[in-house]
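Subject: Structure handover

Hello,

I am passing the structure below on to you. My notes on how its parts meet follow it.

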Amino acid sequence: MKKKERILTGDRPTGKLHLGHYVGSIANRVELQETYEEYILIADVQALTTNFDHPERLAQDIREVTMDNIACGVDPEISTIFLQSMIPEITELTIYFSMFTSIASLQRNPTIKQEIKALGLSDNVMYGFLGYPVSQAADITIFKANLVPVGEDQLPIIEQTREIVRKFNRMYQEVLIEPKAQVGVVGRLVGTDGLNKMSKSLGNVIYLSDGPDEISCRVSGMFTDPTKIRLNDKGHPDKCPVYIYHRGFNKNEAEVPQIKKDCLAGRLGCVECKKRLSGGLNEFLGPIREKRKKLEAHPKKIDDILIEGTKKARGIAVDTIKSVRAAMKINYFSG
Ligand code: TRP
């Protein structure tokens, strides 16, 4: 039997996950775990790039992200979920990579540029923040991952990883694998404001753990097609976030095309359309919520999953760092 290719992907633990994470990465992860050997990294060190002043939040956030993943169908019996900070070899590889990664190449990275702007960092960019593509390259390559499923916004980071790998392999020895990025089907989900990508910092999110009341509250506050003011005005469903969510999450296959038809014809009002979306989302998130509740009742089990996963992942990291040191001829006292 052919050996399965390896996937490495990850999340910064910055709180509970939302629907944007679901379509951008988690759904994809759940699907891919059958065909690939899947490693899911909880990037707690990377989370410090923007949360260094609140490190005490990580302990809880790590568990939230782990539970969200499992509640959505990531199976810890098949996939390995592990903690970045507990694999010191990642930090070591980050340092080696940082020796030959130029500051200019990091400053040019479109993801970094965009985040600096969005976070308003301008001339207060921290060393660790600017360097996170280097540490992410270490996350990926230390596991010799072939494929990296990520959101669209992360593509330049993976591209930088590929450059680092090429440079390393050329300069020292061919020991690292140049990974490919893979963007999920939807990739990017518009937020409830209908304008920006769904993102916690913009407050335009629906959390995977939201209950029926939170769902209807968030849905009723959603922006709709601004040209549709009265019930019988004709709408533009493809531009309306409410319809986009119907398409993505409403499991009632007959209802969705009917909503489109009725909205286009001016037969369906936004209030009714939202009511149906709340129902659809509730049906979609119900089983996830239930599973999450069960997980919340057994915190020790979540910790064990992380401890076991980290042990397994570390084994690979230790092997890779040995060949890295050998390739760089800095394995002074061995071999
Ligand atoms: N940068 C990713 C994010 O913000 C998280 C991440 C850290 C990651 N290390 C990774 C993703 C390695 C894929 C592979 O979502």
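Please keep in mind that this is a predicted model. The C-alpha centres of domain 1 and domain 2 are separated by 33 Å. Domain 1 covers 6-190 + 298-328 in the domain assignment, and domain 2 covers 209-293.

On the interface: 12 residues of domain 1 are in contact with 11 residues of domain 2. Together the two domains bury about 1100 Å², and carbon and sulfur atoms account for 67% of that area. On the domain 1 side, the residues that lose the most area to domain 2 are Leu19, Ala71 and Val190. Their combined part is 46% of what that side buries.

On polar and charged interactions: there are 2 salt bridges between domain 1 and domain 2. Glu64 forms a salt bridge with Arg292, with 2.5 Å between the closest N and O atoms. Residue pairs in polar contact between the domains number 4, counting pairs with both residues at pLDDT 80 or more.

Which elements give two or more residues to the side of domain 1 that touches domain 2? They are helix 1 (19-32) and helix 3 (58-71). Helix 3 provides the largest share of that side, with 5 residues. Sorted by class, the side of domain 1 that touches domain 2 consists of 9 nonpolar and 3 charged residues, with no polar ones.

Regards

Definitions and conventions
Residues numbered from 1 in each chain as written. Predicted model: local features only at pLDDT ≥ 70, side-chain atom pairs only at ≥ 80, totals over all residues. Heavy atoms only, no water. Domains from an automatic or database assignment. Contact = heavy atoms within 4.5 Å. Buried area = accessible area lost by both parts, 1.4 Å probe. Salt bridge = Lys/Arg side-chain N within 4 Å of Asp/Glu carboxyl O. Polar contact = N/O pair within 3.5 Å; in protein donor to acceptor, adjacent residues only side chain to side chain. Helix = DSSP H or I, 4+ residues; strand = E, 2+ residues; numbered from the N terminus. Nonpolar A, V, L, I, M, F, W, Y, C, P; charged D, E, K, R; others polar.
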